[in-house]
Amino acid sequence: MRAGFPDFRLGNVLATSFTGTLSERHGNAVERIPTPHRLIDWLAVSGLAVDSCTTAQLDLARELRESIHAAATAAAIQEALPAAAVQVINDRSAQGRAAAILTPEGKRRWRLSSASCVEDALSVIAADAISIIAGERDGKLALCASPTCQAAFFDTSQSRTRRWCDMNTCGNRQKKARFHANQRKNSSSAG
């Protein structure tokens with residue numbers, strides 16, 4: 001990873017992990033793919049390694065990210081999907097030439113074509129978003145309970161009642177805030 005950039009917040013679902021490359025959307029937003037090279041890094045750790053990325057391709061990626069976030073948010077709160085977001089997701093899905101391949105270990109991996117690899121990678125991310133927004137996978141879309149985050153995430157917990165996009169960041173922050181509030185309340189009532 002390149003030094004000087006915030007860590008990636010990776011999850012088990014490609015599309016919602018991708019939307020997490022912009023976090024704290026309702027607070028002090030943190031852009032985790034500020035440069036084309038940083039998008040290359042994220043794609044590599046997500047199993048979609050590409051050789052290069054232009055500023056225009058980074059713009060396409062961010063447009064897809066925001067479209068997935070908008071559509072996933074609408075789906076999570078059971079509102080109509082924004083037409084513009086659906087169009088971007090569909091366009092990116094159709095524009096790529098990635099192929100699913102089976103590894104000797106029985107896992108699915110993606111093979112990108114030699115030309116326009118970033119577009120191929122975006123196609124895979126868009127197809128993943130379509131799969132979760134369309135309800136084709138076992139789980140449910142939800143929004144992080146953190147008022148500054150509200151990231152869309154895919155809840156695959158048995159009860160489907162997960163509240164945080166990431167327990168190690170948003171959930172832990174909320175638990176610490178509750179703990180400190182209780183400490184202050186207890187010390188003010190003791191004095």
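Begin by selecting A85, V88, I89 and R92, the buried residues of helix α4. As you look around, keep in mind that this is a predicted model.

**Stop 1: helix α4**

Turn the view until you look down the axis of α4. The four buried residues span an arc of only 95 degrees around that axis, so they sit on the same side of α4. There is a simple rule behind such patterns: an α-helix has 3.6 residues a turn, so residues three or four places apart point the same way.

Now add A83 and A94 to your selection. These two are exposed, on the other side of α4. What do the buried residues of α4 pack against? Show α3 and α5 and you have the partners.

Before leaving, look along the length of the helix. With its 13 residues, α4 reaches 18 Å from its first C-alpha to its last, close to the 18 Å expected at 1.5 Å a residue.

**Stop 2: the whole protein**

Zoom out and switch to a cartoon view. You can find six helices and six strands here. Followed along the sequence, they come in the pattern α-β-β-α-α-α-β-β-α-β-β-α.

Which share of the 191 residues counts as buried? The value is 40%. If you turn on the surface, its accessible area comes to about 10,500 Å², and carbon and sulfur atoms account for 50% of this. Contacts also link distant parts of the sequence: among those between residues at least 6 apart, 54% join residues at least 24 apart.

**Stop 3: the largest nonpolar core**

Select F18, L39 and I125 next. They have the most contacts inside the largest nonpolar core, a group of 35 residues. Several elements supply at least two residues each: α1 (14-19), α2 (36-45), α3 (55-76), α4 (83-95), α5 (117-133) and β6 (152-155). Which of them gives the largest share of this core? Colour α5 to see the answer, since 10 of the core residues come from there.

Stay with F18 and show what surrounds it. Leaving out residues up to four places away in sequence, F18 touches I33, L39, W42, A61, L64, R65, I68, L122 and I125. Another core, of eight residues, lies apart from the largest one; to find it, select C149, A151, F153 and C170, which are among its members.

**Stop 4: T21**

Move to T21, in the loop between α1 and β1 (22-23). Is this loop residue buried or exposed? T21 counts as buried because its relative accessibility is 1%, and the cut-off for buried is under 20%.

Show the side chains of T21 and R65: they make a polar contact at 3.1 Å. Beyond its neighbours within four places in sequence, T21 is in contact with V30, E31, R32, I33, W42 and R65.

**Stop 5: D128**

For the last stop, return to helix α5 and select D128. With 10% relative accessibility, D128 counts as buried.

Add V13 to the view. D128 and V13 are 115 residues apart along the chain, yet their C-alpha atoms are separated by 8.0 Å. Setting aside residues up to four places away in sequence, D128 touches V13, L14, A15 and R137. Finally, draw a distance from the side chain of D128 to the backbone nitrogen of L14: the side chain reaches that nitrogen at 3.3 Å.

Notes: Residues numbered from 1 in each chain as written. Predicted model: local features only at pLDDT ≥ 70, side-chain atom pairs only at ≥ 80, totals over all residues. Heavy atoms only, no water. Core = buried A, V, L, I, M, F, W, Y, C linked by side-chain atoms within 4.5 Å. Buried < 20%, exposed > 50% of the residue type's maximum accessible area, 1.4 Å probe, protein only. Contact = heavy atoms within 4.5 Å. Areas by Shrake-Rupley, 256 points an atom, 1.4 Å probe, with all protein chains shown as cover. Expected span 1.5 Å × (residues − 1). Arc of directions from axis to C-beta. Polar contact = N/O pair within 3.5 Å; in protein donor to acceptor, adjacent residues only side chain to side chain.
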